[in-house]
Amino acid sequence: MNTQRFLDHVRSSRDYQGQIVHTHVIPAREARHAEPVAAIEPCLRNALAALGISQFYSHQAAVIDAVSPPARRHAVVVTGTASGKTLCYNVPVINAFLRNPDARAMYLYPTKALAQDQLGALDRLCAADARLSKRVRASTYDGDTPVGKRRSARANANVILTNPDMLHANILPQSAKWARDGFFSNLHYVVIDEVHSYRGTFGSHVAGVLRRLRRICRHYGSDPTFIASSATIANPGQLTARLIGVNEDQLTVVDQDGSPRGRKLFVLWNPPFIDRSELERRSANIEAQRLMRDLILDGAQTIAFARARVVAELIYKYLQDDLKRYAPKLVNRVRAYRGGYLANERRKIEQELFSGSLLGVCSTNALELGIDVGTLDAAIVVGFPGTICSVWQQAGRAGRTRDDSLAVFVAYNDPIDQYFMRHARYFFEQSPEHAAIDPLNRRILASQLQCAAQELPLSGDDDHVFGCSIAAFVDELPDSNGPDSPWHRWPDGRIKYQDKDGYLPHHGINLRLIGNQTFDIIDRTNGESVSIGVVDSISAPELVYPNAVYLHDGQDYLVRDLDFNAKIASVERINADYYTQAVLSDHCRVLETHSDEACGGGRKYVGRLAVTWQTVAFKKIKYYTLEVIGQDGLDLPPQTIDTIGVWATFPESVTRELMVGGFKVVEALVGVRNLLLVTLPMMAMCDRRDISGCVDSSNLGRLALFVYDRYEGGIGYARLGYEHFEELLRACLDLVGSCPCDRGCPSCVGLANVRPPLHSDPDVGPGYAIPNKDATVSALRGWLRR
């Protein structure tokens, strides 16, 4: 597309009111080619040529050489969207199959949809040559795979495309069955796609699963090479090495992108004020929809990324309404895409987008990962998605060819988005985030060792696999001794885990630590009973509460009933002029104090917390105008996690100093809490999403800040924060003191990681305010001085 011509047209339109606050030019890049030293089998060359691939990009050649004989090193490739990362692993894997008919490979994807998508890519490559079609036998193996097909895949496939959850709960516990068919003894390669998504608690669990996989392979006589692909993060080599359990010097990092790239214009777009006081701005959703409409009318294939499901549906609905007026023939060439749609519906949308029959899609981050949706001209990012990494992933969905492309970040009227509008340089120069994991977290390690000891008895030879003295670690576990202990020590020193009832520990360990249960959404219109989607049990009370307007594929549905026992939400089609938004109440309550002590004149505590949230009401919001036309109460059961937290109070003298200085004590506490939510993950090697916090006065009768693990029972992060609280306060002061901003920004006191309503429309409610930096610094200095 001609991006400059489009932007000139926008600036000359009557709706334009100076929304473009900055335009950043990302220059075009020529392709850099290289020929691998490793020999490529002729029939594989022929298949690639049939698909129009006659040369390898330099990064593809580098990865192929690193992972192929004789080097056979582990590798991670870190290049842009549509840079051909898939060939980095498909070529060496297929090469191995052509040379050794017994060779096997396993591809791991974070989602089932991505595995299905990549199976299609592999099938297309193999279909280009008859010998490849005979030699490569690929199959998905996940929760949707029928039992009969699972047996067939285990016996016949030499490429298994699966996910870490299935590897953990199904494949490794049945390793003996897989070994009978030679899978583990001949496993040459393990591919980990989208490795940047394995972070925090989920990534720490996956690291344990991969160590168990390597241990099983060693038992059956193989030592697979790992090939990972990643979006741009700050530490891809460190993350991959920690995931698979090797030293970083055993891993090759390929991060020089040799693929061509057209010029990209990246625009920061700030909706105009709609009142003289300059407090309210025009709806970011409507601004995004109008931009998308103009791009589609200009022939540009466009994707808009929304922060929540309701926002994706709203933009889609507004876009449909506009196209009915301006270009009725294009109405059926746009769709919404999000979690909750049925699998076959999502596959259909992906295929239509890939083929070009769809001109536009309004999506959540469900399309942020590498599902191949073809060549797109423009990407609209509606609101800051939470990380710089996600911004570039979403923006990277446009510009998959040598042609010019456009990315637009449309800001909400919330403090974080508005900070980026005022500080464009910060937005474009900010480094991507680090991805942190901690495979040695005691709770996670204990659960992974249970599974490992059930699969094969543990011995001292496994200490280097898991990075600890296993015998000493097991001895310290509360259930390791006694007549009913599931830990059984054999005379030769090996340790077996076996529950007396024969229960597999795998089934009680959820890698993602979120609920597996889902609610079916059933359309009951005119006596029908048709499933239109699903929603997870955490989200159901926020999306499909009684009398909610549920938006699905541009249609309004009124929720008639939410049955918690049957896990069914019953809905009927209606034509509404409003949508609804849940009103949530949340709080944390101290259940038990495990320990407390003085801390610089204040006090710190650690113990059990009950963190509760509940949908207590809902607002009816008029389409387009955002006018609140009603609010009704709800009586739904609360959702609670029993977790571990650390909490603390300011010294009285600090409180007085803040008040004398004209600062609000609560604002200083919020600033310190926000900083703790940044510094604790650095120390605990967890992800920022693994912890949360609040400021509350109901528990102690005075204001206190709370930081807690986001998972049932706690993981150990908050307890670590208690043990190193003063060190963390110093880190907070260093962080905020080194930030060059004047009054506070997202890099210091501003970017809280507290739990917002997961499915709210940011247009309706304000975001989190940036606390006063001076108040926060004053509090930290006063606290540490004492």
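Reader: In which helix is Met682 found?

Author: The model is predicted, so local features were taken only at pLDDT of at least 70 and side-chain atom pairs only at pLDDT 80 or more, while totals for chains, interfaces and linings use all residues. Residues are numbered from 1 along each chain as its sequence is written, and side-chain values use heavy atoms, without hydrogens and water. With helices taken as DSSP runs of H or I of at least four residues, strands as E runs of at least two, and both numbered from the N terminus, Met682 belongs to helix H23.

Reader: Is Met682 buried or exposed?

Author: Buried means under 20% relative accessible area, exposed over 50%, and partly exposed in between (1.4 Å probe, protein chains only). Because the relative accessible area of Met682 is 57%, this residue counts as exposed.

Reader: How is H23 oriented relative to H25?

Author: Helix H23, residues 665-684, packs with helix H25, residues 725-737, where the axes lie 9 Å apart at an angle of about 110°. Such an angle makes the orientation of H23 to H25 roughly perpendicular (65 to 115 degrees).

Reader: Which residues of H25 are met by Val672, Leu675, Leu676, Val678, Thr679, Leu680 and Met683 of H23?

Author: A contact here is a pair of heavy atoms within 4.5 Å. On the H25 side, the residues that meet this group from H23 are Phe725, Glu727, Leu728, Leu729, Ala731, Cys732, Leu735 and Val736.

Reader: Where is Thr162 placed, and which residue offers a backbone oxygen 2.6 Å from a polar atom of its side chain?

Author: Thr162 has its place in strand E7, which covers residues 159-162, and it counts as buried because its relative accessibility is 1%. Beyond four places away in sequence, Thr162 touches Met106, Tyr107, Leu108, Tyr109, Tyr141, Leu167 and Ile171. The backbone oxygen that lies 2.6 Å from a polar atom of the Thr162 side chain is that of Tyr141.

Reader: How many of the nine residues of helix H11 are buried, and against which elements do these buried residues pack?

Author: Helix H11, residues 236-244, is mostly covered, with seven of its nine residues buried. The buried residues are Pro236, Gly237, Leu239, Thr240, Ala241, Leu243 and Ile244. Against the buried residues of H11 pack helix H10 (200-219) and the strands E4 (74-78), E8 (187-192), E9 (225-230) and E10 (251-254).

Reader: What is the phi of the residue that follows H11?

Author: The residue that comes after H11 is Gly245. Its phi is positive, near 80°.

Note on methods. A polar contact is a pair of N or O atoms within 3.5 Å; within protein, one must be able to donate a hydrogen and the other to accept it, and residues adjacent in sequence count only if both atoms are side-chain atoms. Axes are lines fitted to C-alpha atoms, for helices over the stretch in contact, and angles run from 0 to 180 degrees between N-to-C directions. Angles under 35 degrees count as roughly parallel, over 145 as roughly antiparallel, 65 to 115 as roughly perpendicular and the rest as oblique.
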